Amino acid sequence: MKLAIRGDLLDFSATPTWGSTALDGVRWRPDHWLLVEQGRIAGALPGEQPPGEDWQREDQSGRLLMPGFIDTHVHCPQIDVIASYGTGLLDWLDTYTFPAERRFADPAVAAAGSALFLDALLAHGSTAAVVFPTVHKVSAQALFEAATQRGMRIVAGKVLMDRHAPDGLRDDVAGAEADCEDLIRQWHGQGRNAYAVTVRFAATSTHEQLAMAGRLLARHPGLFMQTHVAENTDEVKWIASLFPEARSYLDVYHRNGLLGERSVLAHGIWLDTHDRALLRDSGAQIAFCPTSNLFLGSGLFDWQAAIDVGHRVTMASDVGGGTSLSMLRTLAEGYKVQALRGTRLSAWSALHAATRGAAEALGLAGEIGSFDPGSTGDLVAWDWAQGTVAGHRDSVARGAVRDLAEQSLHARVFAWITLGDERNVAATWVAGRPLWRRPA
Ligand code: GUN
Ligand code: ZN
């Protein structure tokens, strides 16, 4: 019930200044005990002042302790097709993804796939996620059950798709509405589960289904909404032909009442200024998915334009279009995408977007994303380095190598992000319970 973990504590108390490596908003407490009581963060003590004997102590000295990462867009069934060769978005869906998702109609496949997926998230250092299962009601059911067993914070919902998908992967408006109502009743607000009205993308829902999705959101305040938007130029053209009445791809969602503070839209590469202002005014967020955008050749997300307009951006793996569940890999590729756009993504802006920033964008700050007292004890112990090269680089950044010493926290953390991955995860706790440890 009372757990104290010793390590280098890193989290955010506010939003770091964009484009700056200064420590504003960064809460850095090297060699501290993080106190977790009844599953919640209770405070911190300097390393030389351990809490009393009634606290169970765990020594992770020399490791980085951070709030668990929040992956704001990822597909549970697509572990089966991660790293599939040779296609862009629309062909990739037809060739690999849709056949794999059909298997989740089987409750046994959905249960095993959900367990594999959530355990993999934990092993990669992510403790919360906004997740697409499949069109099948049973796939959402299985995901919520597996999340409940682990006590994880999951936002998910049955995928809506009533056209432009193969047999075995389509629903219909009335059946989908009834399934959503059942799932909302059973899961929304139950434990740490929340329901998201989940429109796959505009192409796979009829006008009638999009309108139904908007009615669900209006009927149940507090629901989330998740979808894809403006990922790929062929997709954008297709949407324009399917919805000639809409000003833009994003406008299709706006017209149907799908944009709000709890809306998570993946990608958002091919947006214009008007769209970005609409995102800002509605409070919706773009989930930036760099490994997916590079792998599928979709394009380079313009984060600077988002900053200029002032809409929210969070970080997401988008597995299986994305190539890793590791948020470190995701952030490192995000840096490279922004470098190609002529902008530098600081370690602080990147990490904030994957922790406190995501929690704020989801309306879940206070529960996840930081070590604020009262937050849930979802946290990860990370090795600063794995392997010879990363180890040497970390020594330089720590100032331990003569003549090369950088001794800047940003340099050290940036090298950790750039060189690290799931091999750096030593242990993951959810609500103060250790749910994953690296095998000895
Ligand atoms: N657009 C519609 N469905 C998908 C999907 O499964 N993955 C990605 N990356 N984009 C999509
Ligand atoms: Zn996706």
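Q: Helices (H or I, at least four residues) and strands (E, at least two) are DSSP runs, numbered from the N terminus. Which helix gives the most to the shell around ligand 1?
A: Helix α1, residues 89-102, with 3 residues. Bear in mind this is a predicted model, where local features need pLDDT of at least 70, side-chain atom pairs count only at 80 or more, and totals for chains, interfaces and linings use all residues. Residues are numbered from 1 along each chain as written, chains are lettered from A and ligands numbered from 1 in written order, and side-chain values use heavy atoms, without hydrogens or water.

Q: OK, who surrounds ligand 1?
A: Among them (a heavy atom within 4 Å) are His-75, Leu-89, Trp-92, Leu-93, Arg-200, Phe-201 and Glu-231.

Q: Which ligand atom does Gln-78 go for?
A: An oxygen, 2.9 Å from a polar side-chain atom of Gln-78.

Q: And how far is Asp-318 from a ligand nitrogen?
A: 2.7 Å, taken from an N or O atom of the Asp-318 side chain. His-228 also has a polar side-chain atom 3.5 Å from a nitrogen of ligand 1.

Q: How much of the ligand's accessible area gets covered?
A: 100% of the 280 Å² that ligand 1 has on its own is covered by protein (Shrake-Rupley method, 1.4 Å probe).

Q: New topic: how much space is in the largest pocket?
A: About 320 Å³, the space filled by probe spheres on the joined grid points. A pocket is an open set of points on a 1 Å grid over protein atoms alone where a 1.4 Å probe fits, with protein on both sides within 12 Å along at least five of seven lines.

Q: What lines it?
A: 17 residues (an atom within 4 Å of a point), and Thr-15, Ile-307, Arg-312, Val-313 and His-352 are the closest to the centre of the largest pocket.

Notes
A polar contact is a pair of N or O atoms within 3.5 Å; within protein, one must be able to donate a hydrogen and the other to accept it, and residues adjacent in sequence count only if both atoms are side-chain atoms.
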